[in-house]
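Subject: Structure handover

Hello,

Here is the structure I promised you. Please open it and keep it beside this email as you read.

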Amino acid sequence: MNAFNVAEHMQALGLQARTAAAQMARAGAARKSAALRALARRLREAGAPLAEANALDLARAEAAGLAAPMVDRLRLTPQAIETCAQGCEQLAAMPDVIGDVIGLKEQPSGIRVGQMRVPIGVFGMVYESRPNVTIEAASLAIKSGNAAILRGGSEAIDSNKALAALVRAALAEAGLPEDAVQLVQTTDRAAVGRLIAMPEYVDVIIPRGGKGLIERISAEAKVPVIKHLDGNCHTYVDDPCDLDLAVKVTDNAKTQKYSPCNATESLLVARGVAAAFLPRIGAVFAAKGVQMRCDPEALAILKQKVPPAPASQAPAATEIEANVVPAQESDWAEEYLAPIISIKVVAGLQEAIAHVNRYSSHHTDAILTTDHRHAQRFLREVDSASVMVNASTRFADGFEYGLGAEIGISTDKLHARGPVGIEGLTSLKWIVLGEGEIRT
């Protein structure tokens, strides 16, 4: 496709999306829920063709030498498809917030003033690798009464086309406009430039991918952007804490899956529990091949202490030492998306909060503690989109938060913050109800 045709294609998508958005805004809750249930059914029925399309993308990615974390994100497993289907059903069962009126109050003049929740209109989504984002974005567009223009990564084009076809079929089945969800059909990067510069058609852009993609869109977009750049998430092991809980949760936060943006990348440990905790988590990480990049204090503990577990169950101290290296200053702010974690011993809660607020990407940070006052301070003072107590950072997800699905995770502070679900794709407008009142 040449540049002129890309421009024509994007213009057509924009016009169609704006028309569909008007129809979606007035669609009833029952019809939107029917479309979501139809999409869930079609996802489960299309296992074989979806696997074939995904296999084409995976083969192309591996042949091109795509990094392992990116290939992992590209994989559309039966479990991933089932999670998408469950997300659609969860959204279908949730109350429809469109048209809700909040804060209606009568004023001295006699008028009643409140706010009504309404769809944003048209959102554009630019994302890389994960084809399940196509379904998450589509399902949230349907539930929130919006239209969406989706531009997935070139590495997932076959998977995304197969999924988008299911969405369009489900919309048609429910009597809703197929153009409510449109996939950009070209992999030409010029399409992204057009999509983020069409304020006459697109109300907000949501990028989801690598830092380079998000920085480019943030710099060049002519429409508002909901974004996050990095997922440098922290787990802080406090003094006092339940050591068994701390080992279990820290292990899950780091190793349950390495590639997501909500995986813990930095571990902070209070000095009072460091000697007891670090050898135990060090044994777990060493057994799983996780490289530990440590400050001098953590380094000394991990190199000197033998893990307190039977030799048959834990790596030898030499094996732990082989996975321990000195940290550099850059490690404290790094998003690894790999079996690597930075580890630092801190004096206590105050230093932990200061470290998190300095180096965190303000995505998700957790404290593991048995002190209620420490937990409350951490919740209040850590400046992140999600702050957790005694739970794995891997829970920072729209599905796990009960949102049905998420369009992304925002580390911005305006409009939407954290996992962006239905309400993040809506706006509030003021409404005034009167009975002939006039201003004097």
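Between which strand and which helix does the loop with Arg-130 lie? The loop runs between strand S3 (122-127) and helix H6 (132-144). Before we go on, please note that this is a predicted model.

**Arg-130**

Is Arg-130 buried or exposed? Its relative accessible area is 17%. Buried means under 20%, so Arg-130 counts as buried. Now look at what surrounds it. Leaving out residues up to four places away in sequence, Arg-130 touches Arg-73, Arg-208, Ser-259, Pro-260 and Cys-261. Keep two of these in mind. Arg-208 comes back with the cavity, where it is part of the lining. Arg-73 falls within the residue range of helix H4 (68-74).

**The largest pocket**

Arg-130 also leads us to the largest pocket. Arg-130 is among the lining residues nearest the centre of that pocket, along with Asn-132, Lys-257, Arg-394 and Asp-397. The lining has 46 residues in total. The space inside comes to about 1200 Å³.

Which elements give two or more residues to this lining? They are helix H4 (68-74), helix H5 (78-93) and H6. H5 gives the most, with six residues. By class, the lining holds 15 nonpolar, 16 polar and 15 charged residues.

**The second largest pocket**

Next comes the second largest pocket, with a volume of about 230 Å³. Its lining is made of 13 residues. Nearest its centre lie Glu-128, Arg-151, Gly-153, Arg-189 and Leu-213. S3 appears again here: S3 and helix H9 (211-220) each supply at least two lining residues. H9 has the largest share, three residues. Sorted by class, the lining has four nonpolar, four polar and five charged residues.

**The cavity**

How many cavities of 30 Å³ or more does a search of the whole structure find? The search finds one. The volume of this largest cavity is about 50 Å³.

Here is the lining, so that you can select it in your viewer. It includes Ile-206, Pro-207 and Arg-208. Ile-226, Lys-227 and His-228 belong to it too. So do Ile-407, Gly-408, Ile-409, Ser-410 and Val-420. Strand S6 (204-208) and strand S14 (409-410) are the elements that give two or more residues each. The largest share, three residues, comes from S6. Six of the lining residues are nonpolar, three are polar and two are charged.

**A three-stranded sheet**

Last, a sheet. It is open, has three strands and follows the order S1-S2-S16. The pairing is antiparallel. Which strands form the edges? Strand S1 (101-106) and strand S16 (426-433) do, and each pairs on one side only. From one strand to the next, the twist averages 20°.

Now zoom in on strand S2 (residues 112-119). Eight bridges join S2 to S16, and the two run antiparallel. To find the pairing on screen, start at Gly-114. It stands opposite Ile-431 in S16.

**Where to start**

I would begin at Arg-130. It is buried, and it lies among the residues nearest the centre of the largest pocket. From there, go to Arg-208, which Arg-130 touches. Arg-208 then takes you to the lining of the largest cavity.

Best wishes

Key. Residues are numbered from 1 along each chain as its sequence is written. This is a predicted model: local features need pLDDT of at least 70, side-chain atom pairs count only at pLDDT 80 or more; totals for chains, interfaces and linings use all residues. Side-chain values use heavy atoms; hydrogens and water are left out. Two strands pair if DSSP finds at least two bridges between them. Helices (H or I, at least four residues) and strands (E, at least two) are DSSP runs, numbered from the N terminus. Axes are lines fitted to C-alpha atoms, for helices over the stretch in contact, and angles run from 0 to 180 degrees between N-to-C directions. On a 1 Å grid over the protein atoms alone, a cavity is a set of points where a 1.4 Å probe fits but cannot get out, and a pocket is an open set with protein on both sides within 12 Å along at least five of seven lines; lining residues have an atom within 4 Å of a point. Grid points are joined across faces, edges and corners, and a volume is the space filled by probe spheres set on the points. Ala, Val, Leu, Ile, Met, Phe, Trp, Tyr, Cys and Pro count as nonpolar, Asp, Glu, Lys and Arg as charged, and the others, Gly among them, as polar. Buried means under 20% relative accessible area, exposed over 50%, partly exposed in between (1.4 Å probe, protein chains only). Contact means heavy atoms within 4.5 Å.
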